[in-house]
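Subject: Handing over a structure

Dear colleague,

I am passing on the structure below, together with an account of what was found in it. Please look it over first and then read on.

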Amino acid sequence: MKTLSCRDAGFSCEGEIRAVSEEEILSQAAEHARAEHKVEMTPELAEQLRKLIKDEE
Ligand SMILES: [Zn+2]
């Protein structure tokens, strides 16, 4: 399982995204960013977020 916490991405948000793959995390993050933060996912942002994804057993 992989996780991405929204706070690590610089948002003041308790949101945490969990998924089995980086691609799935990024697609969920895109939806979350748009819905909650009015932020559109860009290739640059996706690249930044990819570095923040943590592995979890
Ligand atoms: Zn968030």
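**The first helix and its two faces**

On the face of H1 turned away from its buried side, the exposed residues are Glu23, Glu31, Arg34 and Ala35. Please keep in mind throughout that this is a predicted model. The buried residues of H1, for their part, are Ile25, Ala29, His32 and Ala33. Seen down the axis of H1, these buried residues fall within an arc of 100 degrees, so they line one face of the helix. The general background is that an α-helix has 3.6 residues a turn, so residues three or four places apart point the same way. As for what covers the buried residues of H1, the cover includes S1, S2 and H2.

**The chain as a whole**

To place this helix in its setting, it helps to step back to the overall arrangement. The chain has two helices and three strands, and along the sequence these follow the pattern β-β-α-α-β. The C-alpha trace spans about 30 × 25 × 15 Å along its principal axes. For 57 residues, a compact globule would have a radius of gyration near 10 Å, and the chain, with 10 Å, agrees with that. Buried residues make up 14% of the 57 residues. Among the contacts with a separation of 6 or more, 37% are between residues that lie 24 or more positions apart.

**The sheet**

In what order do the strands of the sheet stand? The three strands form an open sheet with the order S2-S1-S3, and the pairing is antiparallel. Strand S2 (16-19) and strand S3 (54-55) stand at the edges with a single partner strand each, so one side of each is left without a neighbour in the sheet. H1 packs on this sheet, where it touches S1 and S2, and its direction makes about 145 degrees with that of S2.

The pairing can also be followed residue by residue. S1 and S2 pair in the antiparallel sense over four bridges, and in S2 the bridge partner of Leu4 is Ile17. Strand S1 (residues 2-5) pairs with S3 over two bridges, again in the antiparallel sense; here Lys2 has Asp55 as its bridge partner in S3, while Thr3 stands opposite Lys54.

**The nonpolar core**

Which residues make up the largest nonpolar core? This core consists of six residues, namely Leu4, Ile17, Ile25, Ala29, Ala33 and Leu49. H1 supplies the largest share of this core, with three residues. One of the core residues, Ile25, is in contact with Lys2, Leu4, Ile17, Ala19 and Ile53, once its neighbours within four places in sequence are left aside.

**Lys2 and Glu56**

Lys2 lies in strand S1, and with 15 C-beta neighbours inside 10 Å it counts as partly exposed, because a residue is placed in that class when its count falls between the limit of 12 or fewer for exposed and that of 20 or more for buried. Not counting residues up to four places away in sequence, Lys2 touches Ala19, Val20, Ser21, Glu22, Ile25, Ile53, Lys54, Asp55 and Glu56. Of these, Glu22 is 20 residues from Lys2 in sequence, with a C-alpha to C-alpha distance of 7.2 Å.

Glu56 lies in the segment after S3 and counts as exposed, with 8 C-beta neighbours inside 10 Å. Leaving aside neighbours within four places in sequence, Glu56 is in contact with Met1, Lys2 and Thr3. Glu56 and Val20, which are 36 residues apart in sequence, are 9.7 Å apart in space, C-alpha to C-alpha.

**The loop between the helices**

One last residue deserves a look, and it brings us back to the end of the helix with which this account began. Lys38 is placed in the loop between helix H1 (22-37) and helix H2 (43-52). Just after H1, Lys38 takes a positive phi of about 55 degrees, a positive value in a residue other than glycine. Is Lys38 buried or exposed? Lys38 is exposed, with 7 other C-beta atoms within 10 Å.

With kind regards

Key:
Residues are numbered from 1 along each chain as its sequence is written. This is a predicted model: local features need pLDDT of at least 70, side-chain atom pairs count only at pLDDT 80 or more; totals for chains, interfaces and linings use all residues. The radius of gyration is taken over C-alpha atoms; the globule rule is 2.2 Å times the number of residues to the power 0.38. Two residues are in contact if their C-beta atoms, placed from the backbone, lie within 7 Å. A nonpolar core is a set of buried Ala, Val, Leu, Ile, Met, Phe, Trp, Tyr and Cys residues joined through C-beta atoms within 7 Å. Two strands pair if DSSP finds at least two bridges between them. Axes are lines fitted to C-alpha atoms, for helices over the stretch in contact, and angles run from 0 to 180 degrees between N-to-C directions. The arc is that of the directions from the helix axis to the C-beta atoms.
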